[in-house]
Amino acid sequence: MKPKKMISAMFASLLIVALCFTSNNANAQTTMMKDCCMMKGGKMMQMKDGKEMPMTKNMTMKNGTKCMTNGECVMKDGTKMQMKDGQCMDMKGKMDNCSMMNMETKVTTTTTTTTKKHSNTILYTCPMHPEIIRDKPGKCPKCGMTLVKKK
């Protein structure tokens, strides 16, 4: 093979590998929960880069809403509201029920009741996040991996 063709072939191979790696990372990021603050178990928590941690300082959202560490939110127009368990506010200032948090709570409750009643219920878990338990096959909400049958 001529040197120019060999270099071209190597370059094309590297480009393909780089594109595959980039597309896999992009897919993994879309399954990650968005940055937000939330009330969980009576405590304010924040989600940052896919990691949940206690909220240690007040946060100002893009629309001017301020969320305090005690769960009080002051809107741009001055109206105040207290966050309740299961509520989230994304960084744009949109209030919502935290679907990820509700899903985990719901599954934990379901798992507890089904385990007591039916020991042959099939459960699925993430190989990387054993705390994620579902009663149906699917994808891990944290990393996007396929859930496997729990032993």
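In which strand does Met 95 lie? I found Met 95 in strand E9, residues 95–97; strands (E, at least two residues) are DSSP runs numbered from the N terminus.

Entry 1, the model. I noted that this is a predicted model, in which local features need pLDDT of at least 70, side-chain atom pairs count only at pLDDT 80 or more, and totals for chains, interfaces and linings use all residues. Residues are numbered from 1 along each chain as its sequence is written, and side-chain values use heavy atoms, with hydrogens and water left out.

Entry 2, confidence. I looked up pLDDT, the predictor's confidence in each residue from 0 to 100: the protein chain has a mean of 76, and 72% of its residues reach 70 or more. Residues 23–31 have pLDDT below 50, with 4 contacts (heavy atoms within 4.5 Å) beyond near neighbours in sequence. Residues 101–118 are also below 50, with 20 such contacts. Where pLDDT is low, the predicted coordinates should not be read in detail.

Entry 3, Met 95. I recorded a relative accessible area of 27% for Met 95, which is therefore partly exposed (buried is under 20%, exposed over 50%, partly exposed in between; 1.4 Å probe, protein chains only). Residues up to four places away in sequence aside, Met 95 touches Met 81, Met 83, Gln 87, Cys 88 and Met 89. Its C-alpha atom is separated by 9.7 Å from that of Cys 37, 58 residues apart along the chain.

Entry 4, cores. I listed the largest nonpolar core (buried Ala, Val, Leu, Ile, Met, Phe, Trp, Tyr and Cys residues joined through side-chain atoms within 4.5 Å): it has 10 residues, among them Cys 37, Met 61, Met 83 and Met 89. A second, separate core of 6 residues includes Met 38, Met 47, Cys 88 and Cys 98.

Key
Helices (H or I, at least four residues) and strands (E, at least two) are DSSP runs, numbered from the N terminus.
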